[in-house]
Amino acid sequence: FKYFIKKKTYHFNYSDLEKFKKKYPKIPVIQRVNDTDAHRKSSFIDDNMMKVNAISDFTIYISSWVRKYYLKKGMNPKKFRIINNSSDAKIFNLNKKIFWKKNSSFKIGTHHWSDNLAKGFNEYQALDRIIYEKKIRDIEFFIIGNVPAEMQWKATKIIKPLSGKKLSTKL
């Protein structure tokens with residue numbers, strides 16, 4: 001990472017990655033394959049993924065489906081692993097049907113590791129404002145995880161990040 005810090009940049013393109021790999025051939029390049037043209041109805045993602053994969057030392061796929069998709073396109077990773085981008089069904093499930101009891105508050109919850117505004121926080125803040133300004137007492141909204149530091153919450157309960165069984169139970 002010193003290579004990129006020296007350049008005073010934290011982003012890079014394929015050409016930068018190629019130069020880096022030539023300069024530091026022993027440092028492995030790990031690629032995360034998480035998207036396809038089929039999913040986005042675009043025409044550049046597959047080519048870029050294939051191009052980067054040709055110089056990658058290890059590939060992480062977010063699903064078996066994505067791996068099979070790229071194998072059909074001719075991707076041939078030297079080493080790979082599938083790390084599913086989904087929840088563990090043994091932890092996150094409904095073992096019994098749960099219905100909302102009309103005499104109790106209706107609860108809305110979400111969770112995020114990221115505090116990036118693009119993760120829906122403007123919409124969450126709008127819900128917070130509606131609940132607060134209209135003094136709605138029978139709706140509770142909570143966010144588990146990280147939230148943008150600059151946002152103020154009036155009606156929303158913020159809960160520290162949780163994972164695994166603790167997150168499942170709270171949700």
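Lys and Arg count as positive here and Asp and Glu as negative, while His and the chain ends are not counted. On that basis the chain has 37 positive and 15 negative side chains, and the centres of the two sets lie 7 Å apart. The model shown in every view is predicted.

**Figure 1. Overview of the chain and its secondary structure.** The chain contains 7 helices and 6 strands. Their order along the sequence is α-α-β-α-α-β-α-β-β-α-β-β-α. The radius of gyration is 22 Å, well over the 16 Å that the globule rule gives for 171 residues, so the chain is more spread out than a compact globule. The C-alpha trace spans about 65 × 40 × 30 Å along its principal axes. Of the 171 residues, 30% are buried. Among contacts with a separation of 6 or more, 50% are between residues 24 or more positions apart. The accessible surface comes to about 13,200 Å², and carbon and sulfur atoms account for 55% of that surface.

**Figure 2. Strand S1 and its pairing with strand S2.** S1 covers residues 30–33, and S2 covers residues 58–61. The two strands pair in the parallel sense over 4 bridges. One of the bridge partners is shown: valine 33 is matched with tyrosine 61 in S2. In a regular strand the side chains alternate between the two faces of the sheet. S1 shows such an alternation, with Gln31 and Val33 pointing to one face and buried. Ile30 and Arg32 point to the other face and are not buried.

**Figure 3. Helix H4 and the elements that cover its buried residues.** H4 runs over residues 45–55. The buried residues in H4 are Ile45, Asp46, Met49, Asn53 and Ile55. An α-helix has 3.6 residues a turn, so residues three or four places apart point the same way. The cover over the buried residues of H4 includes three helices, H2 (14–23), H3 (37–40) and H5 (64–72). Strands S1 and S2 also belong to this cover.

**Figure 4. Aspartate 35 in the loop between S1 and H3.** Aspartate 35 sits in the loop that joins S1 to H3. Its relative accessible area is 14%, and aspartate 35 is therefore buried, the cut-off being under 20%. Apart from neighbours within four places in sequence, aspartate 35 is in contact with Arg40, Ile45, Met49 and Tyr70. Two of these partners, Ile45 and Met49, are among the buried residues of H4. Arginine 67 is 32 residues away from aspartate 35 in sequence, and the C-alpha atoms of the pair are 10 Å apart in space.

**Figure 5. Lysine 41 in the loop between H3 and H4.** Lysine 41 is placed in the loop between H3 and H4. Its phi is near 55°, a positive value in a residue other than glycine. Lysine 41 counts as exposed because its relative accessibility is 76%, and the cut-off for exposed is over 50%.

**Figure 6. Strands S4 and S5.** S4 is made up of residues 106–112, and S5 of residues 139–145. They pair in the parallel sense over 7 bridges. Glycine 109 stands opposite phenylalanine 142 in S5. S5 is mostly covered, with 5 of its 7 residues buried.

**Figure 7. The loop between helix H6 and strand S5.** H6 spans residues 121–133, and lysine 135 lies in the loop between H6 and S5. Aspartate 138 is found in the loop between H6 and S5 as well. The phi of lysine 135 is near 50°, a positive value in a residue other than glycine. At 56% relative accessibility, lysine 135 counts as exposed. Aspartate 138 touches Ser105 and Phe106, leaving aside neighbours within four places in sequence. The C-alpha atoms of aspartate 138 and lysine 107 are separated by 8.4 Å, although these residues are 31 apart along the chain.

**Figure 8. Lysine 160 in the loop between strand S6 and helix H7.** The loop that holds lysine 160 runs between S6 (157–159) and H7 (164–170). With 61% relative accessibility, lysine 160 counts as exposed. Not counting residues up to four places away in sequence, lysine 160 touches Ile144 and Gly145. Lysine 160 and lysine 135 are 25 residues apart in sequence, and their C-alpha atoms are 25 Å apart in space.

Technical notes:
Residues numbered from 1 in each chain as written. Predicted model: local features only at pLDDT ≥ 70, side-chain atom pairs only at ≥ 80, totals over all residues. Heavy atoms only, no water. Rg over C-alpha atoms; globule rule 2.2 N^0.38 Å. Buried < 20%, exposed > 50% of the residue type's maximum accessible area, 1.4 Å probe, protein only. Contact = heavy atoms within 4.5 Å. Areas by Shrake-Rupley, 256 points an atom, 1.4 Å probe, with all protein chains shown as cover. Charge placed at Lys NZ, Arg CZ, Asp CG, Glu CD. Pairing = 2+ DSSP bridges.
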